[in-house]
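Dear colleague,

Please find below the sequence and structure that I am handing over to you. My notes on the findings follow directly after them.

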Amino acid sequence: VPGVRMRSMSTSTPTIWPCLTYRDAPAAADFLITAFGFEKQAWYTREDDPSIVEHAQLTWPLGGGVMFGTAGQDDGPFCNRPPGQGSVYVVCDDPDALFARAKAAGAEVIQELTDEDYGSRGFGVRDPEGNLWSFGTYRGE
């Protein structure tokens with residue numbers, strides 16, 4: 001409802017996880033770890049085909065993370081979403097260093113490092129399968 005504030009219930013365990021699909025989930029994990037600094041937490045592949053990732057979970061050093069798997073691994077609605085259609089915003093403390101790291105890893109820059117009028121400093125890139133990643137110092141209200 002517009003204008004209504006929800007009561008904050010602070011927790012140390014993240015309760016919202018963006019979920020993406022990738023054609024090549026192992027390559028995506030390598031990219032997200034190398035380019036952005038995610039850390040591998042969970043990795044489950046299909047027993048008869050380890051190239052099919054049933055569930056992957058990468059954590060972000062400041063909290064939270066992202067979940068993903070191989071697109072089309074089953075007939076369910078989550079696995080049949082088109083890869084490369086996601087957009088994720090991630091809070092970071094040092095956007096300048098992260099921007100340099102992402103560029104060095106080959107991330108396609110879609111928004112150069114920018115100081116926003118609302119106080120955030122950040123940038124935007126596209127991963128190899130087309131998902132958009134925004135990183136910045138804005139932590140929300």
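**Sheets and strand pairing**

One open sheet has four strands in the order S5-S8-S7-S6, and its pairing is mixed. Its edge strands, each pairing on one side only, are S5 (87-91) and S6 (108-115). On average, neighbouring strands of this sheet are turned by 15° against each other, direction ignored.

As to terms, strands are DSSP runs of E with at least two residues, numbered from the N terminus. Two strands pair if DSSP finds at least two bridges between them. Angles run from 0 to 180 degrees between N-to-C directions, with axes being lines fitted to C-alpha atoms.

This is a predicted model, in which local features need pLDDT of at least 70 and side-chain atom pairs count only at pLDDT 80 or more, while totals for chains, interfaces and linings use all residues. Residues are numbered from 1 along each chain as its sequence is written, and side-chain values use heavy atoms, with hydrogens and water left out.

Within the sheet described above, S6 pairs with S7 (residues 121-126) in the antiparallel sense over five bridges. Asp 115 stands opposite Arg 121 in S7.

Another open sheet of four strands follows the order S1-S4-S3-S2, with mixed pairing. Here S1 (19-22) and S2 (39-46) are the edge strands, and each pairs on one side only. From one strand to the next, the twist averages 25°.

S2 and S3 (residues 49-59) run antiparallel and are joined by seven bridges. Arg 46 has Asp 49, in S3, as its bridge partner.

Yours sincerely
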